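Please look through the structure below, beginning with one pair of packed helices and then stepping back to the chain as a whole.

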Amino acid sequence: MLDGVPSAGGTTQSLNHVGSRVWCEEQTAHPYLFSCLIRKCDSVKSAQLIVQTLRAQGVRYIFGVPGAKIDEVYDALVDAEDIEVVVCRHEQNATFMAQAIGRLTGKPGVVLVTSGPGTTNLATGLVTANTEQDPVVAIAGTVGLPDRLKRTHQSLDAVNFLAPVTKFTAESTCVDDVSELITNAFREAQQEPRGAAAVMVPADVAGSETSAPLLEFPDPAPLGPASQALVDKAKERIENAKLPVLLVGMRGAGESAVRELRRLVKTTNLPVVETFQGAGVISRELENNFLGRVGLFKNQPGDVLLNKADLIISVGYDSVEYDPRVWNFNGQHDIIHIDSIQADIDTHYRPTLELVGDISGTLHELNSVMDPIDVEETERSFIDRRLEALARTQRQGAEQATSDSGVNPARLVLTLRELITDDKTTVAADIGTHSIYLARYFRTYEPRTLLFSNGQQTLGVALPWAIAAALVNRDHPVVSVSGDGGFLYSAQELETATRLGLHLVHVIMRDNSYDMVKFQQENKFGRPSAVELGDYDAVKYAEAFGAKGYRVHTLEDFSTAFSQAMEDDGVSIVDVSVDYTDSVSLAQHLDFSVLN
C-alpha cells in the first residue's frame, strides 16, 4: 500500500494529503473508483457541496429543468434560500437565460439540467454563449459511474458531446472532485475570451457523501495594462495618422473600459464605429463621434469610414463579430489591437501593434498621454459626410409610410426608440430582418442595453434574454423584439415570465415568413424557397399564459398599444404587422464611389 492510500478494500488510519484530496481516518474504498473514498468524518452529500460552491461563487439564479439524474442537487437547493431556482420550459431557453446573466453582469450564469436529452438540449445555448463570449456554467446530471460506459437509459458521452461547444468541459469521477471542477469551470468561463463551461455530475456521485473541502477561489487574476513603451508607440501612430478610427467590439463594452473609452474620445475627438455587441459604448454626449454600427452586410456609413481610414484602433474587437475579410478585404489596413487577449492573426487582420492587457487599464494609460487629434480638412469633411449619411438614413426611415401589408420596419424601430427612455432600458433582439433594422436605426447610449446574437445568429434568444434582464434589473424597463418565426422558438417561456411576476414587453414584428432568409434567397436566386409561415393568434396565446396581448396593423395603434403595455404590470405581447418589401436592399453591395 502506498503511504496513506488504501489497498483495495482496505482502510487508512492516518491523515494524508494526495494531490488536492484529504484522506480521513477510518475510510472505506469508494464502490466505483478505487482511488476515491466516501468520508465518514464531517461529511455532506456531494450535491450539497455543489450548492455550497455555487454560493461561494456568488450565484443568485439557477435556470434549468429538473430530472432524476440531477435531483440530488435540486433537493439541496431547497435549503439555499439565497439562490433563486428558475424552472424553465426547455433547457435551451434556460441556457439562453444563463447567457444573458453572463452578458449583463460579467459573472457566469448557471444552468442545471438532467441527463440524456436534458444535456443535449444545452448545445445550442452553449455554442451561442461560447461564440458570443458570455460566461455560462452548465451542470448536467449523468448516469451513475457503473453505467457510464454501458448502453443504458439516457447514457451519453456528454463530455465529448459538449466539448466542441464549450471552452471547458469535465466530468466528475468521484465524490471529492465536484468543488474543484465547478470552481475551475467558473474560472474558465470568466477568463478572456469568456465563454461556456460544462460539468457532468454522475447521479451516484451527487448522492454520495464527501468530506472534501469547499473551494472559494476568487475570480481569475486581473490583468495589468499594456506596457508604457507600447502605449507611447500607439500614441505616436495615432498622432501621425491622417484618418484614425476606433472600432469597438464586445470586450470593449465593459463598464470600466467604456468609461476610459469615452474619456479617450472626448479628448481626441476620434470617430467611433461600434460592432453589434459593442452597441451603446458611445454616450449621447458624444453622438457626433458615432459613425454607426457594423456587423452584417458591408453597406453602412461605418463601413465606408473603415475603408477610408489609414489607421484602425480596434478595442475589444473579436473577428466573430464582423469578419475582417469584409471590412479589410485587401488586408492593407494599419491596425492597433487593444485587447485583453492577443489577436487572432489571419490574412485580413494583421495588427502592426498589439497592446494586450486589461483594456480599461491600457486605455487609462493611453488617456494619460493623448492630446486632441486635429485631422486635416479633407478627412474632417469626409467624416462629416459620413455623419450626414447616417443622419439621412434616420430621416428617411422616419418618413416611410405604412402600407396595406403593414408598418415600415425602419419607421417602426425609430418609433419604438422614441417610446423608450435612456434610463437603462434593456432591449433584447432576436435574429431576423428586424434585428438588422434595430442595429441600423435603434440608438442606445449605454453598453449592454441593446443585445444581439451576432456570433451564432441564434433564433429564439430574445424572450429568454428579456426574462433574465428583468430578473437582474427589476426596476428598469425590459423589451424584447422578435419576428413571428423566432418568437415560437421560445414562446413557452411566457409562462415562466408570468410565474416569476416579471414586467416586460415583447414585440413581434410579423410578416408570416422567415424574411431574413427570404430576402437573401431573392438576392441570390431571384426567388424564395421554403420560407412562408402560417398566421397565429398571439393575443390568445399570450392570454393562455396569463400575459396581455395586443395585435395592431398601424403605427398609431402600435404606439398606443406599446405605451399601454409599458404601463401595465406583468408581461405583454405587442404583435405588429410589418411590410418587409424593401428588405432586399439591406444586403446591397457597397458602392465604392462613396469612398472618393
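In this predicted model, helix α14, which covers residues 377-398, packs against helix α15, residues 409-418, at an angle of about 100 degrees, and the axes of the two helices lie 7 Å apart. Because angles of 65 to 115 degrees count as roughly perpendicular, α14 is described as roughly perpendicular to α15. On the side of α14 the contact is made by Gln394, Gly397 and Ala398, while α15 contributes Ala410, Arg411 and Leu414. Sorted by character, the residues through which α14 meets α15 comprise three nonpolar, two polar and one charged.

Seen as a whole, the chain that holds these two helices has a secondary structure of 22 helices and 24 strands. Its C-alpha trace extends over about 85 × 65 × 45 Å along the principal axes. The radius of gyration of the chain is 26 Å, which agrees with the value near 25 Å that a compact globule of 596 residues would have.

The contacts and the surface complete the picture. Among contacts in the chain with a separation of 6 or more, 74% are accounted for by residues 24 or more positions apart. Of the 596 residues, 59% count as buried, where buried stands for under 20% relative accessible area. The area that the chain exposes comes to about 23,900 Å², and carbon and sulfur atoms supply 48% of that area.

Conventions: Residues are numbered from 1 along each chain as its sequence is written. This is a predicted model: local features need pLDDT of at least 70, side-chain atom pairs count only at pLDDT 80 or more; totals for chains, interfaces and linings use all residues. Side-chain values use heavy atoms; hydrogens and water are left out. Axes are lines fitted to C-alpha atoms, for helices over the stretch in contact, and angles run from 0 to 180 degrees between N-to-C directions. Helices (H or I, at least four residues) and strands (E, at least two) are DSSP runs, numbered from the N terminus. Angles under 35 degrees count as roughly parallel, over 145 as roughly antiparallel, 65 to 115 as roughly perpendicular and the rest as oblique. Contact means heavy atoms within 4.5 Å. Ala, Val, Leu, Ile, Met, Phe, Trp, Tyr, Cys and Pro count as nonpolar, Asp, Glu, Lys and Arg as charged, and the others, Gly among them, as polar. The radius of gyration is taken over C-alpha atoms; the globule rule is 2.2 Å times the number of residues to the power 0.38. Buried means under 20% relative accessible area, exposed over 50%, partly exposed in between (1.4 Å probe, protein chains only). Accessible areas come from the Shrake-Rupley method with a 1.4 Å probe; for residues, only the protein chains shown count as cover.
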